[in-house]
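Work through the exercises below with the sequence and the structure side by side. Try each task before reading its solution.

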Amino acid sequence: MAGYSFFKMKYIGKKTFVGLQNYLDVFGRDDCFGALKLSLYYMLGSVIQLVLSLYLATILSFKIKGGNIFKGFMFFPFLINGIAVGFIFKFFFTRGFVFDTVLQWCGFDLNNLPYFHCILRTGYGSSECKIADYPVEGT
């Protein structure tokens, strides 16, 4: 296969021997070196990433000084995700916000709906929780 690189030829027709001229033509083009530089850049980045990941795996696997702090930093994003979802649900179900607006669009009367926060605050079935305690915009 490498022998074909020394010839100038098409798919059909005769071959003409040109020697190293094909190599000089290819290495004389700027776009070929641009692609080579980009490939080397990504190769260097992958080597750095591999070394860093092996180092971090070593920290997680063996008992070293400061390893528990590192494990805490690695676990912290999992906590943030749960907290963010909790805040989103709290905002969604809070009286006067998103869920109440959607219910009003559907034609529900907000003063006749039972709310879970009444159960949490006063106990289930208690008469102390009055919906009138929570002002509703637009009513």
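## Exercise 1: A charge and a ring

Task. Where does the charged end of Lys 15 sit relative to the ring of Phe 7?

Solution. The charged end of Lys 15 sits over the ring of Phe 7. Its distance from the ring centre is 5.0 Å. Keep in mind that the model is predicted.

## Exercise 2: The chain in outline

Task. How many helices and strands does the chain have, and in what order do they run?

Solution. Start with the count: the chain has 5 helices and 2 strands. Next comes the order. Read from the N terminus, the elements run β-β-α-α-α-α-α. Then turn to burial. The chain has 139 residues, and 11% of them count as buried. Last, take the contacts between residues at least 6 apart in sequence: 12% of these join residues at least 24 apart.

## Exercise 3: Aromatic pairs

Task. Classify the pair formed by the rings of Phe 6 and Tyr 23, and place both residues in the chain.

Solution. A search of the whole structure gives 6 aromatic pairs. For Phe 6 and Tyr 23, the ring centres are 5.9 Å apart and the planes stand at 55°. Stacked needs planes under 30 degrees apart, and edge-to-face needs over 60. The angle of 55° meets neither condition, so the pair is tilted.

Now place the partners. Phe 6 lies in the segment before strand 1 (7-8), and Tyr 23 lies in helix 1 (residues 21-27). The pair therefore ties together parts that are 17 residues apart in sequence.

Finish with accessibility. Phe 6 has a relative accessible area of 29% and is partly exposed. Tyr 23, at 34%, is also partly exposed.

Task. Repeat the classification for Phe 92 and Phe 99.

Solution. The centres are 5.7 Å apart, with 40° between the planes. This pair is tilted. Phe 92 is partly exposed at 31% relative accessibility. Phe 99 is partly exposed too, at 29%.

## Exercise 4: The surroundings of Phe 6

Task. Which residues does Phe 6 touch, not counting residues up to four places away in sequence?

Solution. Phe 6 touches Thr 16, Phe 17, Val 18, Gly 19, Leu 20, Asn 22 and Tyr 23. Take Thr 16 from that list. Phe 6 and Thr 16 are 10 residues apart along the chain, and their C-alpha atoms are separated by 8.6 Å.

Take Leu 20 next. Leu 20 is in the loop between strand 2 (16-17) and helix 1. Is Leu 20 buried or exposed? Its relative accessible area is 53%. The cut-off for exposed is over 50%, so Leu 20 is exposed. The C-alpha atoms of Leu 20 and Phe 7 are separated by 8.9 Å, with their positions 13 residues apart along the chain.

## Exercise 5: Two helices crossing

Task. How do helix 2 (residues 30-61) and helix 3 (residues 67-93) pack?

Solution. Begin with the geometry. The helices pack at an angle of about 115°, and their axes are 8 Å apart. Helix 2 and helix 3 are therefore roughly perpendicular to each other. Next, the handedness: helix 2 passes helix 3 in a left-handed crossing.

Now list the contacts. Helix 2 contributes Leu 56, Ile 59 and Leu 60. These meet Gly 67, Phe 70, Lys 71 and Met 74 in helix 3.

Methods:
Residues numbered from 1 in each chain as written. Predicted model: local features only at pLDDT ≥ 70, side-chain atom pairs only at ≥ 80, totals over all residues. Heavy atoms only, no water. Phe/Tyr/Trp six-rings, centres within 6.5 Å; stacked < 30°, edge-to-face > 60°. Helix = DSSP H or I, 4+ residues; strand = E, 2+ residues; numbered from the N terminus. Buried < 20%, exposed > 50% of the residue type's maximum accessible area, 1.4 Å probe, protein only. Lys NZ or Arg CZ within 6 Å of the ring centre and 35° of its normal. Axes fitted to C-alpha atoms, helices over the stretch in contact; angles between N-to-C directions. Parallel < 35°, antiparallel > 145°, perpendicular 65-115°, else oblique. Left-handed = near helix turned anticlockwise from the far one by under 90°. Contact = heavy atoms within 4.5 Å.
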